[in-house]
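Here is a short report on one protein chain. Keep the sequence and the 3D view open while reading.

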Amino acid sequence: MIDIKNITFSYGEKQILKNFSIKISDTDRICFSGPSGCGKTTLARLLIGLEKVESGRIRYLPPNPRFSTVFQEDRLISNLTVLENVALSGDKEKARELLTVLGLKEQINEYPDTLSGGMCRKVSVARALCYDGDILILDEAFNGIDHDGREHVAKLILQHFAKKTIIMI
């Protein structure tokens with residue numbers, strides 16, 4: 001469970017979140033949507049610990065969860081192959097299996113700069129699934145993936161995180 005109580009966060013003079021509260025139970029599927037700049041990605045960064053709340057608290061039960069994350073940007077390492085990028089967060093065999101299921105078997109030994117945008121997104125998703133955290137955070141994870149690909153990726157995500165929390169932006 002994630003218990004967010006009255007958190008406030010600002011970037012300089014610009015207040016992004018003010019007294020925001022929510023309880024997220026295990027196995028919940030939560031989607032935050034809204035216009036650019038309303039605090040969705042900031043909330044994700046606060047949950048992961050990349051930013052610190054100014055006031056309020058975020059409490060996890062059990063404490064210290066492991067996060068699997070697909071950021072807005074692919075964040076792939078250019079001098080590592082597709083397989084090496086995915087295996088950074090898990091074992092190579094699991095990485096190979098995920099890439100095959102995602103239709104990227106032929107690209108396993110290629111480098112990110114040779115892939116399309118949709119392929120890079122799939123590699124980012126595979127890396128998050130390979131890590132197998134307690135909570136999955138998806139920040140615009142389906143951008144660049146075609147309609148059929150989105151459906152396939154979504155099913156794979158739900159399969160791998162069937163009994164875990166998923167937070168989607």
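## Helix α1 and its surroundings

Helix α1 (residues 40-48) has these buried residues: K40, T42, L43, A44, L46 and L47. Buried means under 20% relative accessible area, exposed means over 50%, and partly exposed lies in between (1.4 Å probe, protein chains only). Helices (H or I, at least four residues) and strands (E, at least two) are DSSP runs, numbered from the N terminus.

The model is a predicted one: local features need pLDDT of at least 70, side-chain atom pairs count only at pLDDT 80 or more, and totals for chains, interfaces and linings use all residues. Residues are numbered from 1 along each chain as its sequence is written, and side-chain values use heavy atoms, with hydrogens and water left out.

What covers the buried residues of α1? The cover includes β1 (2-11), β2 (14-24), β4 (55-60), β5, β6 and β7. After α1 comes G49, and its phi is positive, near 100°.

## The antiparallel sheet

Strands pair if DSSP finds at least two bridges between them. Three strands make an open sheet in the order β2-β1-β4, with antiparallel pairing. Its edge strands are β2 and β4, each pairing on one side only. From one strand to the next, the twist averages 25°. Seven bridges join β1 to β2. One pair is Y11 with K14, the latter in β2. Helix α1 packs on this sheet and touches β1, β2 and β4. The direction of α1 makes about 120° with that of β1. Axes here are lines fitted to C-alpha atoms, for helices over the stretch in contact, and angles run from 0 to 180 degrees between N-to-C directions.

Strand β4 holds I58. Is I58 buried or partly exposed? I58 is partly exposed, at a relative accessible area of 21%. Neighbours within four places in sequence aside, I58 is in contact with I2, D3, I4, I7, L46, L47 and V53. Contact means heavy atoms within 4.5 Å. I58 and Q107 are 49 residues apart in sequence; their C-alpha atoms are 40 Å apart in space.

## The parallel sheet

Four strands form a further open sheet, ordered β3-β7-β6-β5, with parallel pairing. At the edges stand β3 (29-31) and β5, each with a single partner strand, so one side of each is left without a neighbour in the sheet. Neighbouring strands are turned by 15° against each other on average, direction ignored.

The bridges in this sheet are listed below, each with one partner pair where available.

| Strand pair | Bridges | Partner pair |
|---|---|---|
| β3 and β7 | Three bridges | C31 and M168 |
| β6 and β7 (residues 165-168) | Four bridges | I135 and T165 |
| β5 (residues 67-70) and β6 | Four bridges | V70 and L138 |

Strand β6 (residues 135-138) is covered on both faces. I135 and I137 are buried on one side, L136 and L138 on the other.

## Helices α3, α4 and α5

Helix α4 lies across β5 and β6. The angle of α4 to β5 is about 180°.

How do α3 and α4 cross? The axes of α3 (residues 92-101) and α4 (residues 117-131) come within 9 Å and cross at roughly 140°. That makes α3 oblique to α4. Angles under 35 degrees count as roughly parallel, over 145 as roughly antiparallel, 65 to 115 as roughly perpendicular, and the rest as oblique. The crossing is right-handed: the near helix is turned clockwise from the far one by less than a right angle, while anticlockwise would be left-handed. In α3, K94, A95, L98 and L99 meet V123, A126, L129 and C130 of α4. By class, this contact has seven nonpolar, no polar and one charged residues. Ala, Val, Leu, Ile, Met, Phe, Trp, Tyr, Cys and Pro count as nonpolar; Asp, Glu, Lys and Arg as charged; the others, Gly among them, as polar.

The axes of α4 and α5 (residues 147-160) come within 11 Å and cross at roughly 5°. The two helices are therefore roughly parallel to each other. K122, V125 and L129 in α4 meet V153, L156, I157 and H160 in α5. The contact of α4 with α5 has five nonpolar, one polar and one charged residues. L129 takes part in the contact with α3 and in the contact with α5.
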